[in-house]
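Here's a quick tour for anyone new to reading protein structures. Have the sequence and the 3D view open side by side, and look up each residue as it comes along.

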Amino acid sequence: MEKKKRGGFSSSIGFVLSAAGSAVGVGNIWRFPYLAAQDGGGLFLLIYLILVLTFGFTLLTTDIALGRRTKKNALKAFGSIRPKWDFLGKMTFLVPAIIMTYYAVVGGWITKYVLVYATGAGQTAAQDEYFTSFITSKAAPIFFTLLFLALTSFVVYCGVEKGIERFSKMVMPGLIFMIIGIALFSLTLRHTDASGVERTGLQGLAVYMIPDLTGITISRFLKILLDAMSQLFFSLSVSMGIMITYGSYVKKDVNLNRSISQIELFDTGVALLAGMMIIPAVYVFSGTEGMTSGASLMFVSLPKVFSAMGGIGTIIGFVFFVMVAFAALTSCISIMETLVANCMELFHASRKTVSLIVSVIFAVASVVICMGYHVFYFELPLPNGQTAQLLDLMDYISNSFLLPLICLLTCVFVGWVIKPQWIIEEMEISGHTFRRKKLYAFMIRYVAPILMLIIFLQSAGCF
Ligand code: PHE
């Protein structure tokens with residue numbers, strides 16, 4: 001009865017693809033490649049891989065096991081184990097609520113670019129002011145945001161098995177094919193620029209893969225470590241209640257050890273392939289300077305690269321943005337699902353009613369965020385040195401401030417209050433041994449909390 005009401009994933013592969021769908025998002029496709037390019041290529045990759053297997057694995061295991069053992073959403077999960085820790089559930093719930101206000105807005109920008117390439121207008125998107133004039137226009141961004149939100153709401157409305165699981169099984173394999181296809185194509189590129197210098201995709205691959213140790217200092221090494229760490233926990237969608245909710249839908253006989261390794265492999269594999277796809281292409285057509293940070297890489301630099309490819313660039317650009325749209329949709333679905341699931345539990349209401357109400361609330365919030373580029377425009381300096389508009393401010397509060405804090409508190413809760421054994425028991429309940437349990441216990445008690453504290457202090461601008 002209880003199980004029927006909550007819904008759940010029908011199979012282990014359905015769970016893995018849905019969780020991977022949440023984890024694989026715009027973070028993997030644009031943020032990972034530019035961090036890798038800016039942070040010494042291979043060195044960043046090496047550090048990232050070590051962190052995935054230690055730190056990432058610890059955080060992912062914690063969230064998923066917490067969800068499956070309590071069969072609750074974040075809002076109630078912590079309090080159901082220790083009533084005093086109820087506040088942590090409330091804090092965790094805040095993160096998807098804040099991210100949801102702007103994620104559909106970015107999804108809307110991506111949808112717009114899918115349409116631009118579908119109609120063969122890729123050359124226009126390569127013009128200098130195109131992106132800025134689009135996001136600062138009044139109606140278009142709102143229209144595309146609402147379209148993206150409607151798609152997300154529809155899948156969530158259909159439920160865990162019939163909506164999320166089915167949709168993820170459909171799009172995630174397609175996403176892998178597209179990314180491998182474009183990555184291979186990128187390696188075959190070559191271009192001679194105006195000054196007669198020829199650059200090839202394979203040289204670009206070398207820039208990406210080979211560690212660049214020139215001028216490496218301790219402080220630069222620490223910066224790379226911090227970048228890799230904050231990228232990792234954003235990328236795995238941990239500490240925001242999402243993986244707790246998804247974990248609560250997993251049957252007890254599923255081998256979580258294997259599922260967690262598969263999710264990590266999927267997420268990291270897509271990030272690595274995204275780098276293989278973007279860095280050589282940008283390098284061939286604009287050298288390493290094209291690897292700018294933030295939204296401009298995806299919406300400004302890449303359209304220029306596609307345009308420089310000639311006719312085939314329109315097709316590649318189209319496939320690229322469809323792929324990014326899939327990645328963003330499955331992530332947005334996981335955020336909305338977390339909100340809906342928490343509210344269903346809180347108000348004892350049906351999925352259909354709650355999905356509709358949540359959709360309307362976030363439609364309004366997303367419109368406000370869209371207006372942050374004209375009506376509500378401001379320039380706010382942040383503690384980490386960036387200048388923010390409304391969207392960046394929401395991003396800062398959720399990802400740079402709340403996430404590390406929640407993650408730190410979760411580590412203290414699991415490592416010192418309920419003790420790692422609580423999670424280890426859940427990992428072994430299906431009859432499989434949890435091989436990395438010693439590593440897990442050590443990471444969650446000592447290493448992860450210290451790392452999180454450092455990230456938190458850094459984003460608060462303390463150093
Ligand atoms: N993990 C996603 C990515 O790498 C981002 C995301 C953030 C997804 C928040 C869900 C919630 O892009």
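Counting salt bridges in this predicted model gives a total of 13. Side chains of opposite charge can pair when their charged atoms come close. Below we'll look at some of these pairs, then at the ligand, then at a few residues worth finding in the 3D view.

**Salt bridges, pair by pair**

- Start with K169 and E165, whose side chains form a salt bridge with an N to O distance of 3.5 Å.
- Both residues belong to helix α10, which spans residues 160-187, and because they are 4 residues apart there, about one helical turn separates them.
- How accessible are the two partners, K169 and E165? K169 has 36% relative accessibility, so it counts as partly exposed, while E165 has just 2% and counts as buried.
- Next up is R190, which makes a salt bridge with E198, and here the closest N and O atoms are 3.2 Å apart.
- R190 is exposed, with a relative accessible area of 55%, whereas E198 is partly exposed at 38% relative accessibility.
- Then there's E337 with R351, a salt bridge whose closest N and O atoms are 2.9 Å apart.
- That pair ties together distant parts of the chain, since E337 is in helix α16 (residues 311-347) and R351 is in helix α17 (residues 351-371), 14 residues apart.
- Is this pair buried or exposed? Both E337 and R351 turn out to be buried.
- Salt bridges can also share partners, and that's how D39, K223 and D227 end up joined into one network.

**The ligand and its surroundings**

- Where does the ligand sit? You'll find the ligand in the largest cavity.
- There are 16 residues around the ligand, and A23, G27, N28, F234 and S235 come nearest.
- Several helices each give at least two residues to the shell around the ligand: α2 (12-23), α3 (26-38), α6 (86-118), α12 (218-235) and α16.
- You've already met α16, by the way, as the helix that holds E337.
- Now for the atoms: a polar side-chain atom of N28 is 2.9 Å from an oxygen atom of the ligand.
- With F234 it's the backbone that comes in, with an N or O atom 3.0 Å from a nitrogen atom of the ligand.
- S22 also uses its backbone, placing an N or O atom 3.4 Å from a nitrogen atom of the ligand.
- How much of the ligand does the protein cover? On its own the ligand has 320 Å² of accessible area, and the protein covers 100% of it.

**Two residues with a positive phi**

- Most residues other than glycine have a negative phi.
- K71 isn't a glycine, yet its phi is positive, at about 55 degrees.
- Look for K71 in the loop between α4 (42-70) and α5 (74-81), where K71 is partly exposed at 28% relative accessibility.
- S239 isn't a glycine either, and its phi is also positive, near 60 degrees.
- S239 sits in the loop between α12 and α13 (242-248), and with 5% relative accessibility S239 counts as buried.

**Measuring across the fold**

- Try A104, which is in helix α6 and is buried with a relative accessible area of 0%.
- From A104 to W422 you'd count 318 residues in sequence, and in space the C-alpha atoms are 36 Å apart.
- M452 is in helix α20, residues 437-459, and M452 is buried as well, with a relative accessible area of 0%.
- M452 and W109 are 343 residues apart along the chain, with 32 Å between their C-alpha atoms.
- D395 is in helix α18, residues 390-418, and D395 is partly exposed, with a relative accessible area of 28%.
- For D395 and F185, the separation is 210 residues along the chain and 33 Å between C-alpha atoms.

Note on methods. Residues numbered from 1 in each chain as written. Predicted model: local features only at pLDDT ≥ 70, side-chain atom pairs only at ≥ 80, totals over all residues. Heavy atoms only, no water. Salt bridge = Lys/Arg side-chain N within 4 Å of Asp/Glu carboxyl O. Buried < 20%, exposed > 50% of the residue type's maximum accessible area, 1.4 Å probe, protein only. Near = heavy atom within 4 Å. Polar contact = N/O pair within 3.5 Å; in protein donor to acceptor, adjacent residues only side chain to side chain. Areas by Shrake-Rupley, 256 points an atom, 1.4 Å probe, with all protein chains shown as cover. 1 Å grid on protein atoms, 1.4 Å probe; cavity = no way out; pocket = protein on both sides within 12 Å on 5 of 7 lines; lining within 4 Å. Sits in = over half its atoms within 2 Å of the grid points.
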